[in-house]
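Visitor: Please take me through one part of this structure in detail. I would like a close look at a single sheet, with what packs on it and what lies beyond it.

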Amino acid sequence: MSTADSTRTLTPEERAAELDIDQLKQLVGLVEYDESKDPFPVTAMDAVVFVVGNATQAAHFYQSAFGMELIAYAGPETGVRDHKAFVLRSGSARFVLKGGVTPESPLLDHHRQHGDGVVDLALEVRDVDACVAHARSQGATVIEEPHDVSDDHGTVRTAAIATYGETRHTLIDRSGYTGPYLPGYVARQSGYVKRDGAPKRLFQAIDHCVGNVELGKMDYWVNWYRKVMGFVNMAEFVGDDIATEYSALMSKVVANGNHRVKFPLNEPAVAKKKSQIDEYLEFYGSPGCQHIALATNDILRSVDQMRAEGVEFLDTPDAYYDDPELRERIGKVRVPIEELKKRGVLVDRDEDGYLLQIFTKPIGDRPTVFYELIERHGSLGFGKGNFKALFESIEREQERRGNL
Ligand SMILES: [Fe+2]
């Protein structure tokens, strides 16, 4: 990709995070594409917005355990009566944590129903009106019509469309805006001090955000993303790919043209016991976002740091690493297998390269939302070779919760 293209491709957030196009290519597996034929060009993830039971404390957790930086805030002190919202950054990834303040806050109703979860996978676009017009013509539900929001820092153009469950995609053109997040938010720093020797950040970007939908609905949503947002199919995992002895699921991945934004969509499949997707749907109370994969360029360091801060990861049995077939399949990776084994980091290889990945346990009280750390080295995949080992690990946790 030429330098001129890079200037256009990189968002201001990415430039501010000192990322360049080659790093991003490796981190999230970017490919080249012709934006001029895209009916709904998406430039990046703008933010992942969560509703949580206690945003004040969650903001601390994401700083201490995920190494994120507090950058902005809105709440009663800034004229927002019913909720608090904390904005955190790590590289180009932005999380917004919202919690209800007054008993009447609709966020508390949402939380009662779903627990901590993702309400908005906000997307940065160049032309909000054109995207909404296309989405509407393809049958999407428009929750917020395109409109301007302004403050002293300028104006954003924004709108929102509904996706699975009670999740939305806010669309944002922030090219005319220089504030810390959105109008109404004030810049805010934290008194939180990282431990000596802690890395500057533990992840640089969002790689993918996975949605769990009901049995029989996966293809509906795959087609929805294709029609409404012009996304393309990337990969699919059905049948034996992702079945264990007990439970199964099906998964297809859609992505925007350059693969910067990737949304795998899962549905449960019929099997002997309850699938992890069924468990999610039962405890979340509806379809919703299952996990967010965070791209890191040093997964070992990130895992060590997060573990030291108390983050719990799924464990991987030693047998996974001792399997001669796996050793043969993955070949040479940048670190000794023993280092991966010590930490339970999984590895997978495909025709394009390899990836390292690991999954946290659910981070809230309900067995719903969790995180993945992913370090890509050429592979554009999702760790298909690890699904079986991963799902067996998830089933051991489900069993302990009495939900298998
Ligand atoms: Fe994933």
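Guide: What follows is a walk through the sheet, its helices, the domain contact and a hairpin.

This is a predicted model. Start with the layout of the chain. The domain assignment gives two domains: domain 1 spans 31–187, and domain 2 spans 205–401.

Now the sheet. It is open and has 9 strands. Their order is 6-7-8-5-1-4-3-2-9, and the pairing is mixed. Strand 6 (142–151) and strand 9 (186–187) are the edge strands. Each of these two pairs on one side only.

Look next at strand 5 (117–125). Strand 5 pairs with strand 8 (residues 168–173). The two run in the parallel sense, over 3 bridges. One bridge can be picked out by residue: Glu124 has Ile172, in strand 8, as its partner.

Helix 6 (residues 128–137) packs on the sheet here. Helix 6 touches strand 5, strand 6, strand 7 (154–162) and strand 8. The direction of helix 6 makes about 175° with that of strand 6.

Move along to helix 4, residues 55–64. Its buried residues are Ala55, Ala58, Ala59, Tyr62 and Gln63. Why do they sit on the same side of helix 4? They cover an arc of only 140° around the axis, so they share that side. The general rule helps: an α-helix has 3.6 residues a turn, so residues three or four places apart point the same way. The buried residues of helix 4 pack against three strands. These are strand 2 (69–74), strand 3 (83–90) and strand 4 (93–100).

Now turn to the contact with domain 2. The C-alpha centres of domain 1 and domain 2 lie 24 Å apart. On the domain 1 side, 33 residues are in contact; on the domain 2 side, 34. Strand 1 (42–51), helix 5 (106–114) and strand 5 each supply at least two residues of the side of domain 1 that touches domain 2. That makes strand 5 a shared element: it pairs with strand 8, is touched by helix 6 and supplies residues to the domain contact. By class, this side of domain 1 has 17 nonpolar, 11 polar and 5 charged residues.

One last stop is a hairpin further along the chain. Strand 15 (residues 346–350) and strand 16 (residues 353–359) form the hairpin, with 2 residues between them. The strands run antiparallel and are joined by 5 bridges. Asp350 has Gly353, in strand 16, as its bridge partner.

Key:
Residues are numbered from 1 along each chain as its sequence is written. This is a predicted model: local features need pLDDT of at least 70, side-chain atom pairs count only at pLDDT 80 or more; totals for chains, interfaces and linings use all residues. Domain bounds come from an automatic or database domain assignment. Two residues are in contact if their C-beta atoms, placed from the backbone, lie within 7 Å. Helices (H or I, at least four residues) and strands (E, at least two) are DSSP runs, numbered from the N terminus. Ala, Val, Leu, Ile, Met, Phe, Trp, Tyr, Cys and Pro count as nonpolar, Asp, Glu, Lys and Arg as charged, and the others, Gly among them, as polar. Two strands pair if DSSP finds at least two bridges between them. Axes are lines fitted to C-alpha atoms, for helices over the stretch in contact, and angles run from 0 to 180 degrees between N-to-C directions. A residue is buried if 20 or more other C-beta atoms lie within 10 Å of its own, exposed if 12 or fewer, and partly exposed in between; C-beta atoms are placed from the backbone. The arc is that of the directions from the helix axis to the C-beta atoms.
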